[in-house]
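Here are my comments on the model you asked me to look through, set out as numbered points. I begin with the annotated cysteines and then turn to the strands and helices.

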Amino acid sequence: MLMTDEQKHEFYQALVEKNPQYDGTFFAGIKTTGIFCHATCTARKPKYENCEFFYTAEEALLAGYRPCKRCIPLTYPNSIPEEVDVLVSAVEKQPEKRWKEEDFRKLGIHSATARRKFKKLYGMTFVQYARSRRMGLAFKEISNGKKVIDQQVNFGYESSSAFNDAFTKMMGDPPKKAQVNILHANFISTPIGRMISLSDATHVYLLEFMDRRGLEREIETMRKKHHARILFGETKVHQQLAEELALYFEKKLTQFTVPLSLHGTPFQMKVWDLLLHIPAGETRSYRDLALMLGDPHLVRAVGNANGANQMAIIVPCHRVIQTSGELGGYGGGVERKKFLLQLEQRV
Ligand SMILES: [Zn+2]
């Protein structure tokens, strides 16, 4: 998951040489065109500074890139079954659409075979593909929104009417209410992947890895709960969050002080509070937490509350492991859990 500069240069070299040995090991996003390619793509090779490199196609999609038509980066070797091509083209025609079962039927694709083929070629399900593409576009639009905001601020406008809420476009308006709140989205690069934060002027509402499954639903729920529009913006709280995270990854900080706005059921709030009291460098089992709450039968409920945490790293759900000592699951992927626990061990 970590990609060093050295690694990026190696990938760039492979891209320039069209080295077939690298096909499938990385994907190159081309900033100037917005597409991503295989190493062997025959398209003209971009400058190093215009390339971004990804280990998986999903990451490239989440960063807002679409697959190259020339090298078809998701297929290996370069041939694509027709029914799969139909699915990909359908997504490109309406990248903002949320795909449902009946849509497959409309496209004339309802066979499990087509979907199996898709999964085999792309390493992800069609729904996952469409979702990653859609999320990537939303994130990109939020980032682009920054330019609009900068401009408006320069001209002295306060109104947000012209600001682009990418999520409104994709998910519809939040429920009508007299007052609409603004949550500012921003991105933070960490050694284990990009994260998205949502914050207002005083609190952080969400911190998640951008490739986390279910992130879209999380953001949607949050928008509705807070009657919020989501705009790109850097708040003071976000700055503090980014600084504290940087120190955390440098092993210079274990206790976060950035103000959090946590919203869960009373039970979830209880569990999250317990998580906040597990010191860095230590772990607890789901059973430990259930016992602390006074009922060993709560193990599963504790696990669910743990999974519902929306403040990755800061509310340290990664410090909860299985009773057997095995790591157990993690919303951001078990590799990250391992990384975080090892990092904290060495503080
Ligand atoms: Zn290409």
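1. Cys41 counts as buried, because its relative accessibility is 2% and the cut-off for a buried residue is under 20%. This residue lies in the loop between strand 2 and strand 3 (51–54), and the structure in which it is placed is a predicted model. Leaving aside neighbours within four places in sequence, Cys41 is in contact with Lys18, Cys68, Arg70 and Cys71.

2. Two of those contacts, Cys68 and Cys71, recur in the UniProt annotation "binding site", which comes from an unreviewed entry and covers Cys37, Cys41, Cys68 and Cys71. Although these positions are spread over 35 residues of sequence, they cluster in space, with a largest C-alpha distance of 8.6 Å. Cys71 is placed in the loop between strand 4 (66–67) and helix 3 (82–93), and this residue is buried too, with a relative accessible area of 3%.

3. Which residues does UniProt list for "active site"? The unreviewed entry gives Cys37 and Cys317, and Cys37 is also covered by the "binding site" annotation. Cys37 is in strand 2 (residues 35–37) and is buried, with a relative accessible area of 4%.

4. Cys317, by contrast, is placed in a loop, namely the one between helix 12 (299–307) and strand 10 (320–321). At 9% relative accessibility, Cys317 counts as buried, since the limit for that class is under 20%. Not counting residues up to four places away in sequence, Cys317 touches Leu275, Asn306, Asn309 and Tyr330.

5. Leu275, one of the residues touched by Cys317, belongs to helix 10 (residues 266–276), whose buried residues are Gln268, Val271, Trp272, Leu274 and Leu275. They cover an arc of only 155° around the axis, which puts them on the same side of helix 10. An α-helix has 3.6 residues a turn, so residues three or four places apart point the same way. The buried residues of helix 10 pack against helix 11 (286–292), helix 12 and strand 10.

6. Strand 2, which holds Cys37, is part of an open sheet of 4 strands with the order 3-1-2-4 and mixed pairing. Strand 3 and strand 4 are the edge strands, each of them pairing on one side only. Strand 1 (residues 27–30) and strand 3 run antiparallel and are joined by 4 bridges, and the bridge partner of Phe27 in strand 3 is Phe54. Helix 1 (residues 5–17) packs on this sheet, where it touches strand 1 and strand 3, and its direction makes about 105° with that of strand 3.

7. How many residues of strand 6 (residues 193–199) are buried? The strand is mostly covered, with 5 of its 7 residues buried. Strand 6 runs antiparallel to strand 5 (residues 181–190), to which it is joined by 7 bridges, and Leu198 of strand 6 is the bridge partner of Ala185. These two strands form a hairpin with 2 residues between them.

8. Strand 6 is also joined to strand 7 (residues 204–209) by 5 bridges, again in an antiparallel arrangement. Here the bridge partner of Ile196 in strand 7 is Glu208, and strand 6 and strand 7 form a hairpin with 4 residues between them.

How values were computed:
Residues are numbered from 1 along each chain as its sequence is written. This is a predicted model: local features need pLDDT of at least 70, side-chain atom pairs count only at pLDDT 80 or more; totals for chains, interfaces and linings use all residues. Side-chain values use heavy atoms; hydrogens and water are left out. Buried means under 20% relative accessible area, exposed over 50%, partly exposed in between (1.4 Å probe, protein chains only). Two strands pair if DSSP finds at least two bridges between them. UniProt positions are given in the numbering used here, feature names are shortened, and annotations may be inferred rather than shown by experiment. Contact means heavy atoms within 4.5 Å. The arc is that of the directions from the helix axis to the C-beta atoms. Axes are lines fitted to C-alpha atoms, for helices over the stretch in contact, and angles run from 0 to 180 degrees between N-to-C directions.
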